[in-house]
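Reader: Could you walk me through this model before I set anything up? I'd like to go residue by residue where it helps, and then look at the bigger picture.

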Amino acid sequence: MKERVLSGMQPSGILHIGNLVGALQNWVKLQTQYECLYCVVDLHALTTNYTNPQVIGGYVNDMVVNFIAAGLDPQKCTIFLQSKVHEHAELHLLLSMITPLGWLERVPTYKEKQTELVDRDINTYGFLGYPVLQAADILIYRAKYVPVGFDQLPHLEITREIARRFHFLYKSETLVEPEALLTEYPKVLGVDGRKMSKSYDNAIYMSDSPEVVDKKIRTMMTDPARKRRTDVGNPDVCPVYQLHTIFSNEEEQGYAVVGCRSAAIGCIDCKKVLIKNIFAVLEPIWTKRKELINKPDIVRDIIEEGSRRASVLAKETLDMVKGDMSI
Ligand code: TRP
Ligand code: SF4
């Protein structure tokens, strides 16, 4: 029996190459080794987009297209939609009964997002409960591992605490305390040198055309001290070089470092190598996206079938949980 892995991604925007190398490529690797469940968490997207929920459906479809295009295989893993598996919502409600408010108020992302998303009012019950819903996503499958980035560790810790509290209160051993499968990845920088993010408008999207990717990189910020072709530069402060460390081989990284520090190459020479390498990663994705984008039925069927499979597993856990809670 393969060990079970669960992860989730929020359909609150279209995916960029930071999502690809930070999460998706890792998900693709895991699908051969583990029993993987990958959840598009549309209810989580609702916590911050409840005033314009109509955008979420489009993001869900594009996300699943990108999952398949990046190499997730619905024969090897289960791709599903959170809102289609009602057990997530029901377990969320039950777990909310036993989750102390203080645990939720202490989660760092809670205060951070409140100050970050100034354009929305997320002073809501649903948003405070975000980590409880995430705990339900994980615990409902009794998943052993959860591949996530560093920023998600507090959510995972709450999940473990909720499981322990459940076991303590109901003298049960129904749930599984999950462990993080930490994906250590350097922060992918955007074209302006800040962290790549859809909210900064600095991202290279998986759905960008070759022309757009080419243009974004050609106009991307470099070491600001390197104003003229004859100025030497410092790759360590250059976001283009940071992308080289992810997408280029050692020889090419050496070419960039030595060429930059000695002004033997210009920034366009340096960027051309990066463009070539990012194209190499995106080309198979573009091809698969083209095949899928005009076939909404295929995408819909994948979501339907995945959600059916997930429901069977979720129901088993929910039945046991309800038994434990005498309801
Ligand atoms: N909070 C996660 C994020 O922002 C998304 C998520 C929701 C998740 N449910 C999950 C991740 C369950 C892992 C497991 O990235
Ligand atoms: Fe950046 Fe490359 Fe230009 Fe150096 S040569 S500043 S690493 S783009």
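Author: Let us begin with His 155, which is buried, its relative accessible area being 4%. Please keep in mind throughout that this is a predicted model.

Reader: Okay, and why does 4% put His 155 in the buried class?

Author: Because buried means under 20% relative accessible area, the 4% found for His 155 places that residue in the buried class.

Reader: Which helix does His 155 lie in?

Author: His 155 belongs to helix α9, which covers residues 153-170.

Reader: And what is His 155 in contact with, leaving aside neighbours within four places in sequence?

Author: With those neighbours set aside, His 155 is in contact with Val 107 and Thr 109, and also with Tyr 130, Pro 131 and Gln 134.

Reader: How far apart are His 155 and Glu 304?

Author: They are separated by 149 residues in sequence, and the distance between them in space is 28 Å, taken from C-alpha to C-alpha.

Reader: Switching to the ligand: where does ligand 2 sit, and which residues are around it?

Author: Ligand 2 sits in the largest cavity. Around ligand 2 there are four cysteines, Cys 238, Cys 260, Cys 267 and Cys 270, together with Thr 222, Asp 223, Arg 226, Val 240 and Tyr 241. Two or more residues of this shell come from α11 (239-247), and the same can be said of α13 (267-293).

Reader: How do the shell residues divide into nonpolar, polar and charged?

Author: Six residues of the shell around ligand 2 are nonpolar, one is polar and two are charged.

Reader: What about the domains, how is the chain assigned?

Author: The domain assignment gives domain 1 as 4-188 + 296-324, and domain 2 as 198-289. Their C-alpha centres lie 33 Å apart, and the contact takes 21 residues from domain 1 and 16 residues from domain 2.

Reader: Any backbone oddities I should look at?

Author: Lys 171 has a phi near 45°, which is a positive value in a residue other than glycine. Lys 171 is found in the loop between α9 and β5 (179-182), and at 70% relative accessibility Lys 171 counts as exposed. Asp 201 also has a positive phi, near 60°, and is likewise a residue other than glycine.

Reader: Where does Asp 201 lie, and is it buried or exposed?

Author: Asp 201 lies in the loop between β5 and α10 (210-218). With a relative accessibility of 70%, Asp 201 counts as exposed, because that class begins over 50%.

Note on methods. Residues numbered from 1 in each chain as written. Chains lettered and ligands numbered in written order. Predicted model: local features only at pLDDT ≥ 70, side-chain atom pairs only at ≥ 80, totals over all residues. Heavy atoms only, no water. Near = heavy atom within 4 Å. 1 Å grid on protein atoms, 1.4 Å probe; cavity = no way out; pocket = protein on both sides within 12 Å on 5 of 7 lines; lining within 4 Å. Sits in = over half its atoms within 2 Å of the grid points. Helix = DSSP H or I, 4+ residues; strand = E, 2+ residues; numbered from the N terminus. Nonpolar A, V, L, I, M, F, W, Y, C, P; charged D, E, K, R; others polar. Buried < 20%, exposed > 50% of the residue type's maximum accessible area, 1.4 Å probe, protein only. Contact = heavy atoms within 4.5 Å. Domains from an automatic or database assignment.
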